[in-house]
Amino acid sequence: MNLSRRTFVRTFLFNAAWMTGLGRMHRLPLLGELSPSPDGNQGILNVRPEDYKTLQEVGGSVRLGFNPIRSNHQPDGTLHPILINRLEDDSLIVLSAECPHASCAVRTFSKSSNTHSCPCHSSRFRLDGSRISGPSPFGLDRLDSEICPDGSLNVLVPRLKFSITSKVVDLGIFKRLQIDFAARRKVDYRVVFKAESNGEWQSVMFADSESGPLSNSVITGGGVFKSVYVEPPSDHGMFAVQIDSKEL
């Protein structure tokens with residue numbers, strides 16, 4: 001099943017690439033062949049603006065997140081959502097949805113009030129994130145982003161990066177690749193595979209133990225390292241761990 005381009009982090013910390021052949025697994029030096037991992041703790045989120053109807057018009061706004069939002073308008077975890085807006089000149093801008101006043105999640109842009117509003121203390125912001133009024137001392141942070149050749153949008157998201165390691169597990173009659181990664185609390189992860197570097201990512205089933213059934217498609221983090229086990233669906237290719245993002 002092909003991955004929906006609107007819900008997944010793509011080409012993100014790509015250091016779990018493998019090829020099979022002659023009955024063995026070999027590590028491939030693919031880090032950097034795709035999008036390189038950014039410096040610091042930022043991760044690359046790739047989305048297709050065309051997948052969001054509201055972004056086709058000036059003033060259109062979507063809010064994407066990784067942790068669910070609690071009733072107090074704070075993320076239930078360490079990752080705040082982001083806002084993607086269509087400006088008057090038809091360009092896109094990406095903003096942090098974290099209000100600078102008390103870190104509540106700011107709502108999407110309202111065309112009726114011509115503002116972003118904070119549901120906690122009523123700070124108000126323009127389409128470009130600049131401050132209008134309220135207790136917030138300044139505007140919303142702007143996130144670095146760029147349009148890719150295929151029309152998708154790459155966004156550098158703070159705190160999105162995570163560590164990942166892998167090793168081959170020899171079970172005698174067959175081998176599996178064990179992937180270990182730091183899984184943030186209440187963030188959903190998938191394992192994906194593609195046979196060629198220019199191919200399409202596809203979700204693959206994985207096991208949660210060395211010899212368990214390949215029956216899982218999503219794993220939810222609990223703030224600790226997780227281990228998943230996969231088998232290559234073809235005789236060559238690469239794996240990656242990707243984070244689910246959701247429209248909030």
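Student: Let's start with Q178. Is it buried or exposed, and how do I read that?

Tutor: One thing up front: this is a predicted model. You judge burial by relative accessible area, and under 20% means buried. Q178 has a relative accessible area of 8%, so it goes down as buried.

Student: Where does Q178 sit in the fold?

Tutor: Look for strand 13, which covers residues 175-183; Q178 is part of that strand.

Student: Which side chains make polar contacts with the side chain of Q178?

Tutor: For polar contacts, look for pairs of N or O atoms within 3.5 Å. The side chain of Q178 pairs with that of D180 at 3.0 Å. There is also a polar contact of 3.5 Å between the side chains of Q178 and Y229.

Student: And which residues does Q178 touch, if I skip those up to four places away in sequence?

Tutor: Here the test is simply heavy atoms within 4.5 Å. With that filter, Q178 touches T165, S166, K167 and V169, then E210, and also S227, V228 and Y229.

Student: E210 is on that list. What can you tell me about where it lies?

Tutor: E210 is in a loop, the one that runs between strand 15 (202-203) and strand 16 (219-220). Its relative accessibility is 38%, which is why E210 counts as partly exposed. Leaving out neighbours within four places in sequence, E210 contacts V169, L171, R176, Q178 and Y229.

Student: How far is E210 from V228, in sequence and in space?

Tutor: They're 18 residues apart along the chain, and their C-alpha atoms are 8.1 Å apart.

Student: Let's try another residue. What does N154 show?

Tutor: N154 has 11% relative accessibility, so N154 counts as buried. You'll find N154 in strand 11, residues 153-157. Its side chain makes a polar contact of 2.8 Å with the side chain of N46.

Student: Now backbone angles. Which residues other than glycine have a positive phi?

Tutor: Two to look at are S103 and K186. Phi of S103 is near 70°, and K186 has a phi of about 60°. S103 belongs to the loop between strand 6 (92-96) and strand 7 (116-117). K186 is in a loop too, between strand 13 and strand 14 (188-194).

Student: Are these residues buried or exposed?

Tutor: They fall in between. S103 is at 23% relative accessibility, so S103 is partly exposed. K186 has a relative accessible area of 40%, so K186 is partly exposed too.

Student: How do I spot empty space in a model like this?

Tutor: You roll a probe the size of a water molecule over the atoms, and that shows where empty space is left. In this protein, the second largest pocket holds about 190 Å³ of space.

Student: Which residues line the second largest pocket?

Tutor: There are 14 of them, and S96, E98, D141, P158 and R159 lie nearest the pocket's centre. Sorted by class, the lining has nine nonpolar, two polar and three charged residues.

Student: Can we zoom out? How many helices and strands are there?

Tutor: Zero helices and 19 strands. Of the protein's 248 residues, 46% are buried.

Student: What about contacts between residues distant in sequence, and the outer surface?

Tutor: Take contacts between residues at least 6 apart in sequence: 61% of them join residues at least 24 apart. As for surface, the protein exposes about 11,600 Å², with carbon and sulfur atoms supplying 49% of that area.

Terms used:
Residues are numbered from 1 along each chain as its sequence is written. This is a predicted model: local features need pLDDT of at least 70, side-chain atom pairs count only at pLDDT 80 or more; totals for chains, interfaces and linings use all residues. Side-chain values use heavy atoms; hydrogens and water are left out. On a 1 Å grid over the protein atoms alone, a cavity is a set of points where a 1.4 Å probe fits but cannot get out, and a pocket is an open set with protein on both sides within 12 Å along at least five of seven lines; lining residues have an atom within 4 Å of a point. Grid points are joined across faces, edges and corners, and a volume is the space filled by probe spheres set on the points. Ala, Val, Leu, Ile, Met, Phe, Trp, Tyr, Cys and Pro count as nonpolar, Asp, Glu, Lys and Arg as charged, and the others, Gly among them, as polar. Helices (H or I, at least four residues) and strands (E, at least two) are DSSP runs, numbered from the N terminus. Buried means under 20% relative accessible area, exposed over 50%, partly exposed in between (1.4 Å probe, protein chains only). Accessible areas come from the Shrake-Rupley method with a 1.4 Å probe; for residues, only the protein chains shown count as cover. A polar contact is a pair of N or O atoms within 3.5 Å; within protein, one must be able to donate a hydrogen and the other to accept it, and residues adjacent in sequence count only if both atoms are side-chain atoms.
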